[in-house]
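Biologist: Can you pull up the model for me? I'd like to go through it with you.

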Amino acid sequence: QERKNALLAMLGHEIRSPLHGILGLTGALLDSEAGKPIERQLGMVRGCTSRLLDMVTNIMDLAQNEKRKQSGMPRTRPALPVNWSSIANEVATMTDMAVDKMNKPLLR
(Lines give C-alpha, C1' and ligand atoms only; values in the text may rest on other atoms or scores of the structure.)
Protein backbone atom coordinates (compact mmCIF):
# COMPACT_ATOMS: atom_id res chain seq x y z
CA GLN A 1 0.00 0.00 0.00
CA GLU A 2 2.85 2.37 0.82
CA ARG A 3 4.45 1.68 -2.57
CA LYS A 4 1.16 2.37 -4.34
CA ASN A 5 0.76 5.69 -2.53
CA ALA A 6 4.34 6.69 -3.29
CA LEU A 7 3.87 5.80 -6.96
CA LEU A 8 0.62 7.80 -7.19
CA ALA A 9 2.27 10.81 -5.59
CA MET A 10 5.30 10.63 -7.89
CA LEU A 11 3.19 10.15 -11.02
CA GLY A 12 0.90 12.98 -9.98
CA HIS A 13 3.80 15.39 -9.66
CA GLU A 14 5.34 14.23 -12.95
CA ILE A 15 2.06 14.72 -14.81
CA ARG A 16 1.18 18.04 -13.23
CA SER A 17 4.33 19.83 -14.40
CA PRO A 18 3.66 19.40 -18.15
CA LEU A 19 -0.02 20.24 -17.63
CA HIS A 20 0.95 23.52 -15.98
CA GLY A 21 3.24 24.18 -18.96
CA ILE A 22 0.39 23.56 -21.41
CA LEU A 23 -1.89 25.87 -19.44
CA GLY A 24 0.76 28.60 -19.39
CA LEU A 25 1.52 28.37 -23.10
CA THR A 26 -2.16 28.25 -24.01
CA GLY A 27 -2.80 31.32 -21.89
CA ALA A 28 0.09 33.15 -23.53
CA LEU A 29 -1.25 32.29 -26.99
CA LEU A 30 -4.74 33.44 -26.03
CA ASP A 31 -3.30 36.77 -24.88
CA SER A 32 -1.38 37.28 -28.14
CA GLU A 33 -2.51 38.30 -31.62
CA ALA A 34 -1.29 34.95 -32.98
CA GLY A 35 -3.94 33.15 -30.96
CA LYS A 36 -6.91 35.22 -32.14
CA PRO A 37 -7.78 33.07 -35.21
CA ILE A 38 -7.89 29.91 -33.08
CA GLU A 39 -9.17 31.42 -29.85
CA ARG A 40 -12.04 28.94 -29.55
CA GLN A 41 -9.78 25.90 -30.01
CA LEU A 42 -7.23 27.29 -27.57
CA GLY A 43 -10.03 27.76 -25.06
CA MET A 44 -10.91 24.10 -25.49
CA VAL A 45 -7.27 23.09 -24.97
CA ARG A 46 -7.13 25.18 -21.82
CA GLY A 47 -10.43 23.75 -20.53
CA CYS A 48 -9.46 20.13 -21.21
CA THR A 49 -6.02 20.63 -19.66
CA SER A 50 -7.58 22.25 -16.62
CA ARG A 51 -9.98 19.31 -16.19
CA LEU A 52 -7.13 16.83 -16.54
CA LEU A 53 -5.12 18.76 -13.98
CA ASP A 54 -8.12 18.66 -11.62
CA MET A 55 -8.35 14.87 -12.06
CA VAL A 56 -4.65 14.40 -11.32
CA THR A 57 -4.95 16.63 -8.27
CA ASN A 58 -7.95 14.60 -7.06
CA ILE A 59 -5.96 11.37 -7.48
CA MET A 60 -3.13 12.87 -5.47
CA ASP A 61 -5.62 13.94 -2.79
CA LEU A 62 -7.00 10.40 -2.63
CA ALA A 63 -3.49 9.00 -2.19
CA GLN A 64 -2.79 11.56 0.54
CA ASN A 65 -6.07 10.76 2.30
CA GLU A 66 -5.27 7.04 2.16
CA LYS A 67 -1.86 7.74 3.69
CA ARG A 68 -3.49 9.79 6.46
CA LYS A 69 -6.05 7.06 7.06
CA GLN A 70 -3.31 4.45 7.48
CA SER A 71 -1.41 6.63 9.93
CA GLY A 72 -4.55 7.42 11.94
CA MET A 73 -4.59 11.13 11.07
CA PRO A 74 -7.95 12.77 10.34
CA ARG A 75 -8.87 13.27 6.69
CA THR A 76 -9.07 16.82 5.41
CA ARG A 77 -10.76 17.95 2.22
CA PRO A 78 -11.06 21.58 1.13
CA ALA A 79 -14.47 22.64 -0.10
CA LEU A 80 -14.13 24.21 -3.54
CA PRO A 81 -17.06 25.77 -5.41
CA VAL A 82 -18.07 24.26 -8.76
CA ASN A 83 -18.53 26.65 -11.68
CA TRP A 84 -21.42 24.85 -13.43
CA SER A 85 -21.82 27.56 -16.04
CA SER A 86 -18.21 27.22 -17.14
CA ILE A 87 -18.52 23.43 -17.36
CA ALA A 88 -21.74 23.69 -19.40
CA ASN A 89 -20.12 26.18 -21.81
CA GLU A 90 -17.11 23.92 -22.24
CA VAL A 91 -19.28 20.87 -22.97
CA ALA A 92 -21.36 22.87 -25.47
CA THR A 93 -18.24 24.12 -27.26
CA MET A 94 -16.66 20.67 -27.40
CA THR A 95 -19.90 19.12 -28.66
CA ASP A 96 -20.24 21.84 -31.27
CA MET A 97 -16.74 21.14 -32.61
CA ALA A 98 -16.90 17.34 -32.41
CA VAL A 99 -16.12 15.49 -35.63
CA ASP A 100 -16.03 11.83 -36.63
CA LYS A 101 -13.11 9.90 -38.16
CA MET A 102 -13.90 11.36 -41.58
CA ASN A 103 -13.72 14.89 -40.11
CA LYS A 104 -17.48 15.39 -40.56
CA PRO A 105 -19.37 17.29 -37.85
CA LEU A 106 -21.26 15.03 -35.45
CA LEU A 107 -23.98 17.63 -35.01
CA ARG A 108 -25.73 18.99 -38.06
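Modeller: Here it is, and we can take the fold, the salt bridge and the pockets in turn.

Biologist: What kind of model is this, and what does the protein chain average in pLDDT?

Modeller: This is a predicted model. The protein chain averages a pLDDT of 81. A score of at least 70 is reached by 93% of the residues.

Biologist: Which element has the lowest mean pLDDT, and which the highest?

Modeller: Helix H3, residues 84–97, has the lowest mean at 78. Helix H1, residues 2–31, has the highest at 86.

Biologist: How many helices and strands in the protein chain?

Modeller: Three helices and zero strands. From the N terminus, the order is α-α-α.

Biologist: What radius of gyration does the protein chain have?

Modeller: The chain has 18 Å. A compact globule of 108 residues would be near 13 Å. Along the principal axes, the C-alpha atoms fill a box of roughly 55 × 30 × 30 Å.

Biologist: And how much of the protein chain is made up of buried residues?

Modeller: Buried residues account for 16% of the 108.

Biologist: Switching topic. How many salt bridges turn up in the whole structure?

Modeller: One. Asp-54 pairs with Arg-51, and their closest N and O atoms are 3.9 Å apart. The cut-off for a salt bridge is 4 Å, so this pair counts.

Biologist: Where do Asp-54 and Arg-51 sit relative to each other in the helix?

Modeller: Both are in helix H2, which spans residues 39–71. They are three residues apart, so about one helical turn separates them.

Biologist: Are those two buried or exposed?

Modeller: Asp-54 is partly exposed, with a relative accessible area of 38%. Arg-51 is also partly exposed, at 28%. Buried would need under 20% and exposed over 50%, so both residues fall in between.

Biologist: On to pockets. What volume does the largest pocket have?

Modeller: About 560 Å³. It is lined by 20 residues. Ser-50, Arg-51, Asp-54, Pro-81 and Ile-87 are the closest to its centre. So the salt-bridge partners, Arg-51 and Asp-54, come up again here.

Biologist: Which elements give two or more residues to that lining of the largest pocket?

Modeller: H2 and H3. H2 has the largest share, with nine residues.

Biologist: How far apart are Arg-51 and Ile-87?

Modeller: In sequence, 36 residues. In space, 9.5 Å from C-alpha to C-alpha.

Biologist: What about classes in the lining of the largest pocket?

Modeller: Six residues are nonpolar, eight polar and six charged.

Biologist: How much space lies in the second largest pocket?

Modeller: About 150 Å³.

Biologist: Which residues line the second largest pocket?

Modeller: Glu-2, Asn-5, Ala-6, Ala-9, His-13, Met-60, Ala-63, Gln-64 and Lys-67. H1 and H2 each supply at least two of the lining residues.

Biologist: Which element gives the most to the lining of the second largest pocket?

Modeller: H1, with five residues.

Biologist: And by class, what does the lining of the second largest pocket have?

Modeller: Four nonpolar, three polar and two charged residues.

Biologist: Give me a quick recap of the two pockets.

Modeller: The largest pocket takes nine lining residues from H2, and its volume is about 560 Å³. The second largest pocket takes five from H1, and its volume is about 150 Å³.

Definitions and conventions: Residues numbered from 1 in each chain as written. Predicted model: local features only at pLDDT ≥ 70, side-chain atom pairs only at ≥ 80, totals over all residues. Heavy atoms only, no water. pLDDT = per-residue confidence, 0-100. Helix = DSSP H or I, 4+ residues; strand = E, 2+ residues; numbered from the N terminus. Salt bridge = Lys/Arg side-chain N within 4 Å of Asp/Glu carboxyl O. Buried < 20%, exposed > 50% of the residue type's maximum accessible area, 1.4 Å probe, protein only. 1 Å grid on protein atoms, 1.4 Å probe; cavity = no way out; pocket = protein on both sides within 12 Å on 5 of 7 lines; lining within 4 Å. Points joined across faces, edges and corners; volume = space filled by probe spheres on them. Nonpolar A, V, L, I, M, F, W, Y, C, P; charged D, E, K, R; others polar. Rg over C-alpha atoms; globule rule 2.2 N^0.38 Å.
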